[in-house]
Amino acid sequence: MADKARAKRLADLIREVVAEKLHRDIKDPRLGTRVTITDTRVTGDLREATVFYTVYGDESDREEVAAGLRSAKGVLRSAVGAAAGVKHTPSLEFVPDALPETARNLDDLFVRARERDEQVRRASAGAEYAGGADPYVKDEGGEGDGSGTAAPDSAAGGTPDDAADED
């Protein structure tokens with residue numbers, strides 16, 4: 001098992017080499033500038049690498065890019081082996097990144113949340129507070145001990161005489 005730092009360095013190198021090779025050297029019209037390498041992960045034994053990519057376009061574009069990456073896999077692995085200088089060049093697996101779909105889902109959730117907030121705002125327009133503008137009990141007539149707290153009543157579980165008996 002290689003250490004995590006070495007696997008991370010190799011993953012970064014693979015990401016850079018694959019992106020550069022796709023951008024400059026691979027002449028497949030299915031790939032071109034429509035594909036972006038977003039992340040790369042390497043297993044602990046440095047034998048397998050997963051390359052995540054995104055595609056700008058619709059579903060047919062994604063399928064074309066996936067086919068182009070499958071056909072260029074050998075050339076890309078050779079380029080990685082030449083750049084990495086490791087005993088065993090990792091096999092490459094290309095996986096579409098779920099980031100764009102996740103971003104679209106989050107955008108949809110934000111739109112729905114804004115719509116619900118607007119519905120609540122419209123429903124609460126002109127509404128009044130249930131307990132009045134200031135629902136807190138205040139000692140207005142100067143009664144009591146001046147602390148601003150209300151004296152216990154019989155509904156609260158006892159009378160003032162009961163409190164004196166407990167002492």
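Biologist: How do the residues lining the largest pocket divide by type?

Modeller: They come to five nonpolar, one polar and six charged. Ala, Val, Leu, Ile, Met, Phe, Trp, Tyr, Cys and Pro count as nonpolar, Asp, Glu, Lys and Arg as charged, and the others, Gly among them, as polar. Happily, you can check the labels yourself: the lining consists of Tyr53, Thr54, Val55, Glu59, Arg62, Glu63, Ala66, Pro96, Asp97, Pro100, Glu101 and Arg104. Bear in mind that this is a predicted model, where local features need pLDDT of at least 70 and side-chain atom pairs count only at pLDDT 80 or more, while totals for chains, interfaces and linings use all residues. Residues are numbered from 1 along each chain as its sequence is written, and side-chain values use heavy atoms, with hydrogens and water left out.

Biologist: What makes a space a pocket, and what is the volume of the largest pocket?

Modeller: On a 1 Å grid over the protein atoms alone, a pocket is an open set of points with protein on both sides within 12 Å along at least five of seven lines, whereas a cavity is a set where a 1.4 Å probe fits but cannot get out; lining residues have an atom within 4 Å of a point. The largest pocket has a volume of about 160 Å³, the volume being the space filled by probe spheres set on points joined across faces, edges and corners.

Biologist: Which elements give two or more residues to that lining?

Modeller: Strand S2 (48-55), helix H2 (59-84) and helix H3 (99-124) do. H2 supplies the largest share, four residues. Helices (H or I, at least four residues) and strands (E, at least two) are DSSP runs numbered from the N terminus. The protein has four helices and three strands in total, and their order along the sequence is α-β-β-α-β-α-α.

Biologist: What span would you expect for H3, and what does the model give?

Modeller: The expected span is 1.5 Å times one less than the number of residues. H3 has 26 residues, and its first and last C-alpha atoms are 37 Å apart, close to the 38 Å expected. After H3 comes Gly126, with a positive phi near 80°.

Biologist: Why is Thr40 called buried or exposed?

Modeller: Buried means under 20% relative accessible area, exposed over 50%, and partly exposed in between (1.4 Å probe, protein chains only). Thr40 has 5% relative accessibility, so Thr40 is buried. Thr40 belongs to strand S1. Leaving aside neighbours within four places in sequence, Thr40 is in contact (heavy atoms within 4.5 Å) with Ala11, Ile14, Arg15, Thr50 and Val51. Ala11 is 29 residues away along the chain, yet the two C-alpha atoms are separated by 5.3 Å.

Biologist: Then why does Ala83 get its accessibility label?

Modeller: Ala83 has a relative accessible area of 42%, so the label is partly exposed. Ala83 is in helix H2 and touches Leu13 and Val17, not counting residues up to four places away in sequence.

Biologist: Which label fits Lys27, and why?

Modeller: Lys27 is at 68% and therefore exposed. Lys27 is in the loop between H1 and S1.

Biologist: Why is Leu46 buried or exposed, and what is its phi?

Modeller: Its relative accessible area is 9%, so Leu46 is buried. The phi of Leu46 is near 60°, a positive value in a residue other than glycine. Leu46 lies in the loop between S1 and S2. Another loop residue, Thr89, sits between H2 and S3; at 16% relative accessibility, Thr89 counts as buried too.

Biologist: What makes a set of residues a nonpolar core, and which members touch the most others here?

Modeller: A core is a set of buried Ala, Val, Leu, Ile, Met, Phe, Trp, Tyr and Cys residues joined through side-chain atoms within 4.5 Å. The largest one has 26 residues, of which Ile14, Val18, Leu22, Tyr53 and Leu92 touch the most other members. Helix H1 (4-24), strand S1 (35-42), S2, H2 and strand S3 (91-96) each give two or more residues to this core. Leaving aside neighbours within four places in sequence, Val18 is in contact with Ile37, Leu76, Val80, Leu92 and Phe94.
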